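Visitor: I am new to this structure. Could you take me through it and explain the terms as they come up?

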Amino acid sequence: MGLKIAIQDEQGVNQVYTTIGSTIERKKRRYEWFIKQLNALDARNVLEIGCGNGEMADYIARNTSIKVTAIDISPTFVAEARERFQQPNLSYELIDFMNFHLKRSSAFDFVFGNGILHHLAAQLPEVLKHLHSLIRSQGGMAFIEPNLLNPYCAFIFGTAIGRRWARLDPHEMAFSAGHIEDLLAAAGWQDISISTRDFLVPGLPVSCAGPIKWLEPMLEATPLTSWLAQSNFIFAKG
């Protein structure tokens, strides 16, 4: 699909790919979806978990007046983010969020992340409870995560050859919408909304992306095909 690694973490198992072809539009519409969720709750002070090279946090900070704190456990990623992006309402911090504890008075309005929860699949119940502790009482959360029911994701996450080819962390595992919904409810989240969508594969030539974009709204709107989409778009309130 033309994807090339632009930067990797210290272990070489988490990577950021070069932004080419269909990836450009795919990223932008995801970033815009996150902004929509933040605006829906009038969030002013937000936390991004697993910010990677910092691109999404920068996009949100540049296009809103929201104060964005973006954290990651990789020194390589945080150093890259700090070098590339500077905004007055943006900061990058080297933090393991599971060891990040806040007083309720200093809690965030919103916590979010793009493709991070599946890295923590083995401890998701604890992760979701801890995320809940980082927001104010009327705050919220939003995450976009790979859908295990998608054939490509099933191959990548569910087969030994797929996991080796994708250089997955041994602990990474995608999940279905039903699975994460049950875990969210058990962790105390409310007003849970999960939509399974996105058929635009990253790294495609722009000319190939057109037909997929034309078909995508119909595929996402039909129960017979929507469950095959690549990603779970997750939203919940505290």
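Guide: We can begin with two helices. This is a predicted model, and in it H1 and H2 pack with their axes 10 Å apart, at an angle of about 55°.

Visitor: Why are H1 and H2 called oblique to each other?

Guide: Angles under 35 degrees count as roughly parallel, 65 to 115 as roughly perpendicular, and over 145 as roughly antiparallel. An angle of about 55° falls in none of these ranges, so H1 and H2 are oblique. Their crossing is right-handed.

Visitor: Which residues make the contact between H1 and H2?

Guide: From H1 come Lys-27, Lys-28, Tyr-31, Glu-32, Phe-34, Ile-35 and Leu-38, and from H2 come Glu-55, Met-56, Tyr-59, Ile-60 and Asn-63. By type, seven residues of this contact are nonpolar, one is polar and four are charged.

Visitor: What makes H2 a mostly covered helix?

Guide: Seven of the nine residues in H2 are buried, a word used for a relative accessible area under 20%. The buried ones are Glu-55, Met-56, Ala-57, Asp-58, Tyr-59, Ile-60 and Ala-61.

Visitor: What do the buried residues of H2 pack against?

Guide: They pack against three strands, E3, E4 and E5, and also E6, H1 and H3.

Visitor: How do you know whether Thr-23 is buried or exposed?

Guide: Thr-23, in helix H1, has a relative accessibility of 8%. The cut-off for buried is under 20%, so Thr-23 counts as buried. The C-alpha atoms of Thr-23 and Ala-229 are 16 Å apart in space, while the two residues are 206 apart in sequence.

Visitor: And how is Thr-69 classed, as buried or exposed?

Guide: Thr-69 belongs to strand E4. Its relative accessibility is 11%, so Thr-69 counts as buried. Not counting neighbours within four places in sequence, Thr-69 is in contact with Val-46, Leu-47, Glu-48, Ser-91, Glu-93 and Phe-108.

Visitor: Why is Leu-94 called partly exposed?

Guide: Leu-94 is found in strand E5 and has a relative accessible area of 47%. Buried means under 20% and exposed means over 50%; 47% lies in between, so Leu-94 is partly exposed.

Visitor: What does Leu-94 touch?

Guide: With residues up to four places away in sequence left out, Leu-94 touches Asp-72, Ile-73, Ser-74, Pro-75, Val-78 and Arg-82. Leu-94 and Ala-70 are 24 residues apart in sequence, and their C-alpha atoms are 8.8 Å apart in space.

Visitor: What makes Asp-42 worth a remark?

Guide: Asp-42 is not a glycine, yet its phi is positive, about 50°. Most residues other than glycine have a negative phi. Asp-42 lies in the loop between H1 and strand E3. Its relative accessibility of 52% is over the 50% cut-off, so Asp-42 counts as exposed.

Visitor: What is the phi of Asp-191, and where is Asp-191 found?

Guide: Phi of Asp-191 is near 50°, again a positive value in a residue other than glycine. Asp-191 is found in strand E8. With a relative accessible area of 53%, Asp-191 is exposed.

Visitor: Which residues touch the most other members of the largest nonpolar core?

Guide: Tyr-92, Phe-110 and Phe-112 do, in a core of 28 residues. Helices H1, H2 and H3 and strands E4, E5, E6, E7 and E9 each supply at least two residues of this core. Another core lies apart from it, with 26 residues, including Phe-97, Phe-143, Leu-184 and Ile-234.

Visitor: What is Phe-110 in contact with?

Guide: Leaving aside neighbours within four places in sequence, the contacts of Phe-110 include Gln-37, Leu-38, Leu-41, Ile-135, Met-141 and Phe-235.

Visitor: How do you know how H4 and H7 are placed?

Guide: Helix H4 and helix H7 pack at an angle of about 50°, with their axes 9 Å apart. That angle makes H4 oblique to H7. H4 passes H7 in a right-handed crossing. The contact is made by Leu-124, Pro-125, Leu-128 and Lys-129 of H4 and by Ile-180, Leu-183, Leu-184 and Ala-186 of H7. Seven of the contact residues are nonpolar, none is polar and one is charged.

Definitions and conventions
Residues numbered from 1 in each chain as written. Predicted model: local features only at pLDDT ≥ 70, side-chain atom pairs only at ≥ 80, totals over all residues. Heavy atoms only, no water. Axes fitted to C-alpha atoms, helices over the stretch in contact; angles between N-to-C directions. Helix = DSSP H or I, 4+ residues; strand = E, 2+ residues; numbered from the N terminus. Left-handed = near helix turned anticlockwise from the far one by under 90°. Contact = heavy atoms within 4.5 Å. Nonpolar A, V, L, I, M, F, W, Y, C, P; charged D, E, K, R; others polar. Core = buried A, V, L, I, M, F, W, Y, C linked by side-chain atoms within 4.5 Å. Buried < 20%, exposed > 50% of the residue type's maximum accessible area, 1.4 Å probe, protein only.
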